[in-house]
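Hi everyone, thanks for making room for me today. I'd like to walk you through a few side-chain contacts and one sheet, so please have a look at the picture first.

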Amino acid sequence: VGYFGPLIEPVKNTCDRLCVFERRPFEQDFIYSDWVAPQLLPTCDKVIISGTAVINKTIDHLLSRCRGTVALLGPSTPLSPILEGHGVDFLFGSTVTDPEQVLKIIGEGGGTRSFAETVNKVNLDLSRRSPDK
């Protein structure tokens with residue numbers, strides 16, 4: 001849920017079917033409008049959801065439709081183990097190491113790819129915390 005450009009080819013090469021749900025879809029055979037997500041998510045074995053879904057308040061509805069392994073991804077991902085109780089298996093986010101520089105980058109219109117020297121990437125495996133997973 002959300003277009004992650006650098007992940008498209010690696011994911012496409014390891015799965016039978018790729019579905020990307022985007023608010024503003026563009027011409028690709030695997031990209032769907034976000035309104036289709038609730039119908040197709042239950043058919044997905046692995047789901048990657050943008051951390052932005054927490055910000056725009058769509059996360060609860062999206063998680064309620066997921067049946068497979070779920071990961072939240074992106075710098076806005078809340079790095080909280082409480083998400084395990086809501087069906088999230090993995091968290092891939094960032095912690096800011098240079099707040100002033102991050103604010104400057106954002107103020108100048110820079111995005112996630114410009115944050116490399118100002119954040120640490122963090123990965124949390126919540127699936128290992130539960131004995132039944």
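Let's start with the aromatic rings: there are three aromatic pairs in this chain, and please keep in mind that the model is a predicted one. I'll show you two of the three.

One of them joins Phe 21 and Tyr 32, with 6.0 Å from centre to centre and 35 degrees between the planes. That angle makes the pair tilted, because stacked is kept for planes under 30 degrees apart and edge-to-face for those over 60. Where do Phe 21 and Tyr 32 sit in the chain? Phe 21 belongs to strand β1 and Tyr 32 to strand β2, so the pair links distant parts of the chain, 11 residues apart. Their surroundings are worth a look too: Phe 21 is buried, at a relative accessible area of 3%, while Tyr 32 is partly exposed, at 27%.

Another pair is Phe 90 with Phe 92, and here the rings are stacked, 6.2 Å centre to centre with 20 degrees between the planes. Both partners count as partly exposed: Phe 90 has a relative accessible area of 24%, and Phe 92 comes in at 28%.

Phe 90 takes us straight to the sheet, since this residue of β5 stands opposite Ala 71. Strand β4, residues 69-73, and strand β5, residues 90-96, run parallel to each other and pair over three bridges. They are part of an open sheet of four strands in the order β3-β4-β5-β6, and its pairing is mixed. Which strands stand at the edges? Those are β3 (46-50) and β6 (119-125); each has a single partner strand, so one side of each has no neighbour in the sheet. From one strand to the next, the twist averages 20 degrees.

Now for charges. Side chains of opposite charge can pair when their charged atoms come close. How many salt bridges does the count give? Just one salt bridge, formed by Arg 23 and Asp 34, whose closest N and O atoms are 2.6 Å apart. Arg 23 is in the loop between β1 (20-22) and β2 (31-33), and Asp 34 is in the loop between β2 and α2 (37-40), so this contact ties together parts that are 11 residues apart in sequence. As for accessibility, Arg 23 is exposed at 55%, whereas Asp 34 is partly exposed at 24%.

That's my tour, and I'm happy to take questions!

Conventions. Residues are numbered from 1 along each chain as its sequence is written. This is a predicted model: local features need pLDDT of at least 70, side-chain atom pairs count only at pLDDT 80 or more; totals for chains, interfaces and linings use all residues. Side-chain values use heavy atoms; hydrogens and water are left out. A salt bridge is a side-chain nitrogen of Lys or Arg within 4 Å of a carboxyl oxygen of Asp or Glu. Helices (H or I, at least four residues) and strands (E, at least two) are DSSP runs, numbered from the N terminus. Buried means under 20% relative accessible area, exposed over 50%, partly exposed in between (1.4 Å probe, protein chains only). Rings of Phe, Tyr and Trp (its six-membered ring) pair if their centres lie within 6.5 Å; planes under 30 degrees apart count as stacked, over 60 as edge-to-face and the rest as tilted. Two strands pair if DSSP finds at least two bridges between them. Axes are lines fitted to C-alpha atoms, for helices over the stretch in contact, and angles run from 0 to 180 degrees between N-to-C directions.
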